[in-house]
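Let's walk through this structure together, beginning with one helix and then turning to the core it helps to build. Please have the model open as you read.

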Amino acid sequence: MARLRLPAYVNVRKLSDGTPAYYWIRPKWASPPNLRHGKPCPVESSPLGINQGAAITKAEALNAAFKEWREGEASARTPGTVKWLFSWYCQQEKFTALRHSTRKGYRFAMDQIEAMDTKGGPLGGRKAAAVDATVSDALYRKARAKHGERQASYMMQVCRLVWNQARRPGYSKSTGVKDNPFSGMGIKASTGGKGNRAATRAEYDLYRATARELGKQSMATAAALLFECCQRV
């Protein structure tokens, strides 16, 4: 079984009874009196406990705060932008309840989406509510050209999940999102010209989440049976 890769700055130490415990350790270069953008680092070294899943979740939150301090005001998320919307979604239970590997895959796709060039600059700085079908179709074309069909499809599916959550009653007032421009895009399947490739766990989780969002629970169940029960060679 592959060893799970822990978030940055996480150390594992054994307690007196041999139980592994997790700690987030601030790097020495970030410790006072050192400053970044005129401010001391607000994130201190912290114990994360002995539960690996909970430790990873806590570490990811600490790393996010550490990154914002390191990058300064330029990294601040303006409310209503695509970057802000992704950050908002990452705080929702629909995201936090996912496996670590799936969350990591979502975040990687979000980073790619934020960095996509548009006429007004990187997409991350644009208002999420202003993203319409024309913009989403253009993003899909650019993503296919830059990242390939498979990853581009994954990126658009992540967007569809985020916008679906953001437009729901009770959320749309704070997110400003009323419609989902990533629905009904006709995303293409890709075989890469080399036959079938086994889906990853992150892709499998995304497929099931998307099926549920579309009200296709039977498809999500069928995928679970095939992925979990069938031997893939």
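This is a predicted model, and a good place to begin is the outward face of one helix. On that side of α5, Thr134, Arg141 and Ala145 are exposed. Turn the helix around and you will find Val135, Ser136, Leu139, Tyr140 and Ala143, which are buried. These buried residues span an arc of only 140° around the axis, which places them on the same side of α5. There they pack against α6, residues 149-166.

Now look along the helix itself. With 15 residues, 133-147, α5 reaches 20 Å from its first C-alpha to its last, close to the 21 Å expected at 1.5 Å a residue. At its start, a side-chain oxygen of Asp132 comes to within 3.2 Å of the backbone nitrogen of Thr134. Just after the helix, Gly148 adopts a positive phi of about 95°.

From here we can step out to the largest nonpolar core, which has 37 residues. The elements giving two or more residues to this core are α2 (82-89), α4 (100-114), α5, α6 and α8 (201-213). The largest share, 10 residues, comes from α6. Because domain 2 (82-175) and domain 3 (198-232) both contribute residues, this core lies between them.

Which residues have the most contacts inside this core? They are Leu85, Tyr106 and Trp163. If you centre your view on Leu85, you will see that it touches Ala128, Val162, Trp163, Ala166, Thr175 and Val177, leaving aside residues up to four places away in sequence. Finally, a second, separate core of 12 residues includes Trp24, Cys41, Ala55 and Phe66.

Methods
Residues numbered from 1 in each chain as written. Predicted model: local features only at pLDDT ≥ 70, side-chain atom pairs only at ≥ 80, totals over all residues. Heavy atoms only, no water. Helix = DSSP H or I, 4+ residues; strand = E, 2+ residues; numbered from the N terminus. Expected span 1.5 Å × (residues − 1). Buried < 20%, exposed > 50% of the residue type's maximum accessible area, 1.4 Å probe, protein only. Arc of directions from axis to C-beta. Contact = heavy atoms within 4.5 Å. Polar contact = N/O pair within 3.5 Å; in protein donor to acceptor, adjacent residues only side chain to side chain. Core = buried A, V, L, I, M, F, W, Y, C linked by side-chain atoms within 4.5 Å. Domains from an automatic or database assignment.
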